[in-house]
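Let's take a friendly walk through the charged side chains of this protein. Keep the 3D view open as you read.

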Amino acid sequence: AMGKRKPLHGPVTGFIQYDMPMPKSWNAAKREAMEGHGHISKPDMTNLRKLVEDALSGIVYNDDMEIACYAAESKQWAIKGQTVIEYWERNERHDEN
């Protein structure tokens, strides 16, 4: 994912979107009704965030202590489970306050 790029140097801002897969037992109507709705069962977002932060330390950034804030973070139901992750050095984006 990072190729030959060096890890980001803090302060770092992040965006994480957790698309939690729906149970196979849900019928099509329930799946359609729940897609995009907040996922309020385990695993909790704090544990998911810590897993991502620890896994990317030394790869995307030098240490997770360099993460200064998250622009957004969400956890919702989705047909396909996936995690969308983006980190950037705070001086690289000008859409922050």
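R49 is a good place to start: at 24% relative accessibility, this residue counts as partly exposed. Keep in mind as you look that the model is predicted. The partner of R49 is E73, and the two form a salt bridge whose closest N and O atoms are 2.9 Å apart. R49 sits in helix α2 (residues 45–56) and E73 in strand β2 (residues 67–78), so this pair ties together parts that are 24 residues apart in sequence. E73 is also partly exposed, with a relative accessible area of 22%.

How many salt bridges does a search of the whole structure find? The search finds three, so let's turn to the others, which bring us to K50. With a relative accessible area of 40%, K50 is partly exposed. One salt bridge joins K50 to D54, with the closest N and O atoms 3.1 Å apart. Both residues belong to helix α2, where they are four residues apart, about one turn of the helix. D54 counts as partly exposed too, at 42% relative accessibility.

K50 also forms a salt bridge with D64, and here the closest N and O atoms are 3.1 Å apart. D64 lies in the loop between α2 and β2 while K50 is in helix α2, so the pair ties together parts that are 14 residues apart in sequence. Is D64 buried or exposed? Its relative accessibility is 18%, and buried means under 20%, so D64 counts as buried.

Put these contacts together in your viewer, and you will see K50, D54 and D64 linked in a network of salt bridges.

Notes
Residues are numbered from 1 along each chain as its sequence is written. This is a predicted model: local features need pLDDT of at least 70, side-chain atom pairs count only at pLDDT 80 or more; totals for chains, interfaces and linings use all residues. Side-chain values use heavy atoms; hydrogens and water are left out. A salt bridge is a side-chain nitrogen of Lys or Arg within 4 Å of a carboxyl oxygen of Asp or Glu. Helices (H or I, at least four residues) and strands (E, at least two) are DSSP runs, numbered from the N terminus. Buried means under 20% relative accessible area, exposed over 50%, partly exposed in between (1.4 Å probe, protein chains only).
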